[in-house]
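Visitor: I am new to this structure and would like a short tour. Could you take me through it step by step?

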Amino acid sequence: MTALDQLRAHITARPEAIAFTLEGSQLTFGELDAAARRYAAGLAALGIARGDRVACLLGTRLELVIALLGAYYAGAVHVPINTRYGQVEIEHILRDSGARAVLIAEGSPTGEIVCALSPIETLQHLIVLHAAAEPLSVTPRAPLNVVSLDHLLAAAPMASEPRCDDEDPAMFIYTSGTTGQSKGVVLPYRAIVANIDALTRLWRWREDDRLVLALPLFHVHGLCIGVHGTLLRGCVAELHRRFDPDAVIQAIAAGGTIFMGVPTMYTRLLRALDADPSKGAALGAARLFTSGSAALSAASFEAFERHTGHRILERYGMSETLLTVSNPYPPEERKPGTIGFPVASGEVLVVDEEGSRCAVGEPGEIVVRGDSVMQRYWNAPEKTAASFRDGWFLTGDVARYDDEGYIVHMGRRSVDMIKSGGYRISAREIEECVALHPDIEEVAVVGRPDPEWGQRIAAALVTRGGAAERSPEAWAEELRGWLEGRLASYKRPRQVMCCGELPRNALGKIQKHLLAWPD
Ligand code: MLC
Ligand code: AMP
């Protein structure tokens, strides 16, 4: 059985069962399959062939799931793009991936950014989701073939059985590194299916589960675990367009059994529970709460258990390796402040500089090998080569074993990789954009500890001449305007400090850890 066959098992066996719901609309496995077959045929009619990239700039909606599966059926590679992104990020991904088509929603801010781009040689088709009753009114600046999604969905469905090799790329996930621009992580079917199958079995997902899915569907947390887990286990995913703590509490009260969140979501759920502790009983009725993408504090773990009786299951992962470490399923074995043990789809070690397994308590780097690891970075053989040592992927995450063998995440090797609200952010990408400001001579961006966001973006500025007269608050406001539309708003510095010069070592390298931040 191929990995794609595994993803289609419930489509074949239980076509009448509901797979995805959103605000009163729903798709059964059979309806999803039929729509994906039509979309795949529509893509083929545009000339999209095996291995071609199709970028997707849709927020959470049922069409996103159809576009994902339809791209798989056409043999194309799904390239999700974060709908919070600005022009710099979107243009880079469209150029770097060489996408031949991009799917946008008419009238959305990101759709407008795509329409304003100058021509990208490889990009030929603009697929537009629009209100069915209205004529299409999209006019891109570049000479693109504009076609409505409805038109593609009206194609005669592909007749043959969808086929893919397990090593074919299913998805490119663009993710930030320590350099400026994001890199495309090439994820084959093999990695996604092996990992999500192992993870959702470990977590005992079942057909009668109802997943309350309020994570964005363009990163591995929401898209790989949420959407692919639903396909593999045959449960129902109730999609939410955005995270709203009260809507999540209501959804669980109405029968939701699983919730996955980033720590910031738990901070907000806890705020709602503190304001009205009676909501704890509603959440208590669920079966499983998991947390990942950033460190969950032991304080949040304990407060959530106090309110709901649930011990949140924390796990760890990364776009390049998928979800590789998880706490055990039995609640009493979930340990706060730890990420648990390796997931069955790969091997995970914490190693020292020489690559030897660390002793208990000794900090080292998390390394991963096995089925769940990416194939490579797209178009970047040197970066790929530098990320592996003797077949092990080097995560850049620092951890230690505790005395029971649980892995404890301790932070990142590089200060230039920031996690805020569960989003991975490159300090260099922000620095490059801020440095284009005519009144700024130099800038250093860091992530500072923050109780709500995990880390908040902070920028130390060396400004030119009279511009130094501006207060840090006025600079923060200036940067808001400067970055607006260029980068996602969550990358905007929330704290600014003006300095005469940046601290450097004898070789001239900026010493970010020596920046003296006011509290
Ligand atoms: C948003 N805001 C921030 C911010 N993000 N402020 C500081 N720091 C941040 N990180 C501000 C906005 O600018 C805005 O303010 C206000 O908060 C509301 O913005 P929003 O976009 O509506 O925020 P919200 O929807 O509330 O977002 C919070 C969130 C979101 C937690 C729901 O961040 C989220 O969905 N995070 C999940 C990311 C994720 O899926 N990561 C997984 C990656 S995969 P203003 O002033 O501008 O109006 C991965 C692998 C693994 O990591 O292991 O899972
Ligand atoms: P991304 O590429 O967006 O998938 O982000 C991956 C990074 O998220 C990892 O390298 C970790 O630094 C971080 N991360 C994921 N899960 C956890 C966790 N449970 N605790 C701490 N950090 C985490």
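Guide: Certainly. This is a predicted model. A good starting point is the shell around ligand 1, which draws at least three residues from each of domain 2 (193–412) and domain 3 (417–514).

Visitor: How many residues surround ligand 1, and which are the closest?

Guide: The shell comprises 27 residues, and the closest are Arg268, Ser293, Arg315, Lys419 and Ser420.

Visitor: Which helices and strands supply at least two residues each of that shell?

Guide: They are α9 (220–233), α11 (263–275), β14 (313–318) and β23 (417–420). The element that gives the most is α11, with 3 residues.

Visitor: And what is the make-up of the shell around ligand 1 by class?

Guide: It has 10 nonpolar, 9 polar and 8 charged residues.

Visitor: Which atoms lie opposite each other between the protein and ligand 1?

Guide: Three pairs may be named. The side chain of serine 293 has an N or O atom 2.6 Å from an oxygen atom of ligand 1. A polar backbone atom of glycine 317 is 3.3 Å from an oxygen atom of ligand 1. At glycine 421, a backbone N or O atom lies 2.9 Å from a nitrogen atom of ligand 1.

Visitor: How much of ligand 1 does the protein bury?

Guide: Ligand 1 taken alone exposes 1100 Å², and the protein buries 81% of that.

Visitor: Let us turn to ligand 2. Which residues come nearest to it?

Guide: There are 16 residues around ligand 2, and Arg315, Asp397, Arg412, Lys419 and Arg424 come nearest. Arg315 and Lys419 are also listed among the closest residues to ligand 1.

Visitor: What about secondary structure and residue classes there?

Guide: The strands β14 and β22 (407–412) each supply at least two residues of the shell around ligand 2. Of the elements, β14 gives the most, with 5 residues. By class, this shell divides into 5 nonpolar, 5 polar and 6 charged residues.

Visitor: Where are the polar atoms of ligand 2 in relation to the protein?

Guide: A nitrogen atom of ligand 2 lies 3.1 Å from a backbone N or O atom of serine 293. The side chain of aspartate 397 has an N or O atom 2.5 Å from an oxygen atom of ligand 2. For the side chain of arginine 424, the distance from an N or O atom to an oxygen atom of ligand 2 is 2.3 Å. Taken alone, ligand 2 exposes 500 Å², of which the protein buries 94%.

Visitor: Now a change of topic: is strand β9 mostly covered or uncovered?

Guide: Strand β9 (residues 183–188) is mostly covered, with 6 of its 6 residues buried. Lys183, Val185 and Leu187 are buried on one side, and Gly184, Val186 and Pro188 are buried on the other. In general, side chains in a regular strand alternate between the two faces of the sheet.

Visitor: Which strands pair with β9?

Guide: Strand β8 (residues 169–175) runs antiparallel to β9 and is joined to it by 6 bridges. Within this pairing, isoleucine 173 stands opposite valine 185. Strand β19 (residues 376–377) also pairs with β9 in the antiparallel sense, over 2 bridges. There, valine 186 stands opposite arginine 376.

Visitor: And where is valine 373?

Guide: Valine 373 is in the loop between β18 (364–370) and β19.

Visitor: Why is valine 373 called buried?

Guide: Valine 373 counts as buried because its relative accessible area is 5%, and the cut-off for buried is under 20%. Valine 373 and arginine 190 are 183 residues apart in sequence, and their C-alpha atoms are 9.2 Å apart in space.

Definitions and conventions. Residues are numbered from 1 along each chain as its sequence is written. Chains are lettered from A and ligands numbered from 1 in the order in which they are written. This is a predicted model: local features need pLDDT of at least 70, side-chain atom pairs count only at pLDDT 80 or more; totals for chains, interfaces and linings use all residues. Side-chain values use heavy atoms; hydrogens and water are left out. A residue is near a molecule or strand if one of its heavy atoms lies within 4 Å of it. A polar contact is a pair of N or O atoms within 3.5 Å; within protein, one must be able to donate a hydrogen and the other to accept it, and residues adjacent in sequence count only if both atoms are side-chain atoms. Accessible areas come from the Shrake-Rupley method with a 1.4 Å probe; for residues, only the protein chains shown count as cover. Helices (H or I, at least four residues) and strands (E, at least two) are DSSP runs, numbered from the N terminus. Ala, Val, Leu, Ile, Met, Phe, Trp, Tyr, Cys and Pro count as nonpolar, Asp, Glu, Lys and Arg as charged, and the others, Gly among them, as polar. Domain bounds come from an automatic or database domain assignment. Buried means under 20% relative accessible area, exposed over 50%, partly exposed in between (1.4 Å probe, protein chains only). Two strands pair if DSSP finds at least two bridges between them.
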